[in-house]
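Subject: Structure for your review

Hello,

Here is the structure we talked about, with my notes underneath. Please read them against the coordinates.

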Amino acid sequence: MQRIMAALLALLSFNSVAQADDAVRFISCPVYRDTDAGRKSGCWLAEERETGQRFDITQSATKPDWSMAVLVEGRIAQKQDNACGAKVLEPVRVSILPDQACTRAVIPAEGFPGRRFVLPPRNIRPLYAPDPVPPPPYTDKLFPIPFDYGRDFVVYQQSDWMLVNAATYAKASGGGVVITGYAETEPMTLSGQTLSEPASLARSRAEMARLWLVSLGVPADRVRVEWRLNPAPLADPAFDGLTETSRRRVDIRVSGQTP
Amino acid sequence: MKRSFVSALALLAAFTLPAGATWWSPGDGTPFPAQYDDADADGVTRLLLDGGPMETKGHPFFEAKGTYGRACVTCHQPSDGMSLSAETARIRWQETAGKDPLFAAIDGANCPDLAQGERASHSLLLDHGLFRIARPWPPVDHDEQKIEPDFTLEVVRDPTGCNASKVWGLSSPNPQVSVFRRPRPVANFKYILAMGFAIDPKVGKPLPIDPETGKMVSGNLMADRRVLSLEAQMRDAAHSHLGFDALTADDIKRIRDFEDRIFVARQRDRVGGDLDDGGAKGGPETLARSQPGRLGSMGAAVFSEFAAWEKIPADAGITPEQRAWRESVARGARVFREKMFLITDSAGINSPVGFGNPVRNSCVFCHNMSQMGMDVAPGQVDLGTTTMPFADPQPHLPLFRLTCKGPAHPHYGRVIHTHDPGYALTTGRCEDVGKITLQTLRGLTGRAPYFASGSAPDLRAVIDYYDRRYNIGYTEQEKRDLVNLMGAL
């Protein structure tokens with residue numbers, strides 16, 4: 001029931017995002033603002049060329065590389081702190097586009113403080129102090145895993161945490177696991193460029209999820225892997241309301257009963 | 001000149017070592033004491049054999065095995081923090097006129113087909129503490145199956161001649177790449193093998209699985225992580241460095257027992273005195289008693305063992321020189337943890353994981369394990385020490401040109417010049433070129449030079465390299481404090 005409620009809430013959130021003018025998607029070259037409020041406190045900025053607006057994309061789990069273009073997908077935050085000298089996007093997802101070179105751009109702090117690093121809520125617990133195992137009863141459960149555009153790399157302090165949760169639940173439930181990998185091969189045009197993921201990414205994402213689950217202790221013979229293309233967007237909290245990004249995902253379905 | 005002596009505790013255990021001895025020859029037969037103190041001009045490094053003394057007579061770590069007359073101890077000397085310094089190699093050369101098994105042609109020479117017995121043929125070991133490491137080309141996996149690398153490899157220059165050798169080179173019947181690396185210390189394995197987390201965020205995957213046991217392992221062994229367990233390392237080392245392929249299960253068990261129990265750390269400084277005095281917790285005892293694999297940011301801050309020296313009471317009863325040195329060490333630990341700089345273009349840090357390139361952090365971003373300063377996640381990272389343009393000039397080493405066949409390297413581009421492809425010689429992946437497993441930071445003083453290719457002749461050179469590489473801007477005081485800290489580890 002909790003999952004259904006969360007999905008409904010996310011769906012509502014998705015609808016508002018889809019219709020609202022606070023949703024932002026563009027491709028650009030990143031700019032690093034060299035603020036210093038301690039570790040990981042530098043600011044990442046990117047300008048939407050179509051509007052000339054500069055956005056603060058620092059809150060993305062994936063940070064940019066200063067020599068490569070980025071796909072930015074986010075929403076203008078309700079709360080603006082001006083820590084970095086640009087309009088804050090949050091939630092925001094950044095995908096690095098390694099084939100599109102950028103000139104490195106580092107600008108000084110110019111009086112902007114940046115933000116002190118705060119451990120995000122999606123972080124894996126150490127082996128010596130793990131999260132408690134979820135108690136029964138074990139129902140069928142879906143664990144959607146987001147991926148950055150064009151990659152099967154598991155995003156640190158985001159998708160890795162979700163994969164560990166899926167593995168923990170699957171081990172506890174003892175049920176079967178079906179992993180479905182997806183890729184978004186339908187071309188999308190952004191900032192005058194057309195992007196589409198290779199079909200092979202659907203499989204490699206699924207295989208990556210399988211590697212995680214089996215390595216984390218889910219018996220291999222309980223895991224089935226499949227892959228498909230261009231799924232419908234999924235409104236799920238995993239995507240923080242950025243539902244368009246959900247077409248690049250893996251679905252892990254864990255059965256609540258032993259097969 | 002070093003001198004070794006047995007501590008009071010070991011004396012009580014009735015073990016003695018030859019007076020003035022620093023070299024431990026295979027088959028020496030001297031019992032290994034529970035506590036072994038090695039004194040040098042600047043202080044004392046202590047080895048602690050947790051659980052008590054051990055007979056070395058007949059012990060497979062200490063007895064010569066194989067065709068080269070060596071034992072494990074040949075290259076992992078107790079007086080060198082269980083590694084081997086270039087200075088010790090030079091002394092041994094002089095003492096034995098180059099006849100010691102240490103200088104075996106297979107890897108103690110620049111190339112086995114050079115004229116043995118001539119100093120020039122062993123210059124990399126004598127001048128830089130480097131042993132020849134021959135890696136199969138193309139690489140092979142743990143099942144000895146060939147890996148198709150996604151890069152080509154050419155030799156630009158090779159002063160050793162080994163990579164062009166008809167017997168030992170890339171075009172030989174058994175093609176291999178010769179790179180040259182420092183021996184890693186055999187100690188503190190509790191920490192090296194520890195798994196703090198089940199994942200390696202740097203590669204976006206779970207920790208590796210040991211193919212022999214099916215169990216997850218830390219992935220922190222050896223410069224290029226070519227093996228995943230100590231047992232596999234023993235077999236690899238026995239084969240390649242001893243010329244011995246018949247390690248028994250009992251041999252492995254006994255070596256493992258020794259390696260699990262041996263801890264090394266600096267214990268005393270000539271100026272600063274005991275490193276576990278005045279509330280500090282330096283020395284190997286802390287290592288032996290602490291839980292490994294803890295992230296410093298979540299528990300005991302890295303090298304906070306010296307936190308008590310940040311504010312030494314006025315009536316501490318120590319000399320002004322002692323006070324100044326101890327305060328310097330404590331400041332050095334702070335600088336190590338807190339001095340922020342931009343980490344740039346370092347594979348394993350700035351890619352592929354999304355920390356960002358650049359990312360602002362300090363030394364503990366990677367050296368993050370409490371007490372030890374290793375990486376809690378497997379530490380394959382490219383600092384640039386072996387790869388152009390970041391590497392300091394190392395004209396004595398071979399230089400390879402690697403060309404990525406698939407995607408370009410995220411920071412070096414498609415064509416890379418390196419003295420040692422590092423982890424890429426294990427994985428065959430272009431993106432891993434130059435990555436080297438982080439070293440342990442304990443017992444440093446006895447085992448110069450530093451970095452995998454020995455490019456830093458002393459601890460100051462280590463700090464200077466980082467300062468150049470990442471444009472850190474250390475003050476002279478900060479550099480001295482960091483050197484004192486590293487000397488206290």
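Strand 5 of chain B runs antiparallel to strand 14 (residues 399-404) of chain B, and 6 bridges join the two. One of the residue pairs is B:Leu153 in strand 5, which has B:Leu402 in strand 14 as its bridge partner. Please bear in mind throughout that this is a predicted model.

The two strands belong to an open sheet of 3 strands in chain B, with the order 5-14-15 and antiparallel pairing. Strand 5 (151-157) and strand 15 (415-418) each have a single partner strand and stand at the edges, so one side of each has no neighbour in the sheet. From one strand to the next, the twist averages 25°. As a general point, the strands of a sheet pair through backbone hydrogen bonds, in either a parallel or an antiparallel way.

Helix 3 of chain B

Which residues of helix 3 (residues 86-96) of chain B are buried? They are B:Ala86, B:Thr88, B:Ala89 and B:Arg92. Viewed down the helix axis, these buried residues fall within an arc of 160°, so they line one face of helix 3. B:Gln94 and B:Glu95, on the other side of the helix, are exposed. The packing partner of the buried residues is helix 5 (123-128) of chain B. Just after helix 3, B:Ala97 has a positive phi of about 55°.

Contact between the chains

The contact between the chains involves 31 residues of chain B and 28 residues of chain A. On the chain B side, the elements that give two or more residues are strand 8 (205-206) and strand 12 (359-361). Strand 12 of chain B gives the most to that side, with 3 residues. By residue class, the side of chain B that touches chain A has 19 nonpolar, 10 polar and 2 charged residues.

Chain A

Chain A contains 3 helices and 13 strands. For its 259 residues, a compact globule would be expected to have a radius of gyration near 18 Å, and the computed 19 Å for chain A agrees with that. The C-alpha trace of chain A spans about 60 × 40 × 30 Å along its principal axes. Of the 259 residues, 44% count as buried. Taking the contacts in chain A between residues at least 6 apart in sequence, 74% join residues that are at least 24 apart.

How many residues of strand 13 (residues 249-254) of chain A are buried? The number is 5 of its 6 residues, and the strand is thus mostly covered. Strand 13 of chain A pairs in the antiparallel sense with strand 8 (residues 141-146) of chain A, over 6 bridges. In that pairing with strand 13, A:Ile145 stands opposite A:Val250. Strand 9 (residues 177-183) of chain A also pairs with strand 13 in the antiparallel sense, here over 5 bridges. A:Thr180 stands opposite A:Asp251 of strand 13.

To recap the main items: strands 5, 14 and 15 of chain B form an open antiparallel sheet, helix 3 of chain B packs its buried residues against helix 5, and strand 13 of chain A pairs with strand 8 and with strand 9.

Regards

Conventions. Residues numbered from 1 in each chain as written. Chains lettered and ligands numbered in written order. Predicted model: local features only at pLDDT ≥ 70, side-chain atom pairs only at ≥ 80, totals over all residues. Helix = DSSP H or I, 4+ residues; strand = E, 2+ residues; numbered from the N terminus. Rg over C-alpha atoms; globule rule 2.2 N^0.38 Å. Buried ≥ 20, exposed ≤ 12 C-beta atoms within 10 Å, placed from the backbone. Contact = placed C-beta atoms within 7 Å. Pairing = 2+ DSSP bridges. Axes fitted to C-alpha atoms, helices over the stretch in contact; angles between N-to-C directions. Nonpolar A, V, L, I, M, F, W, Y, C, P; charged D, E, K, R; others polar. Arc of directions from axis to C-beta.
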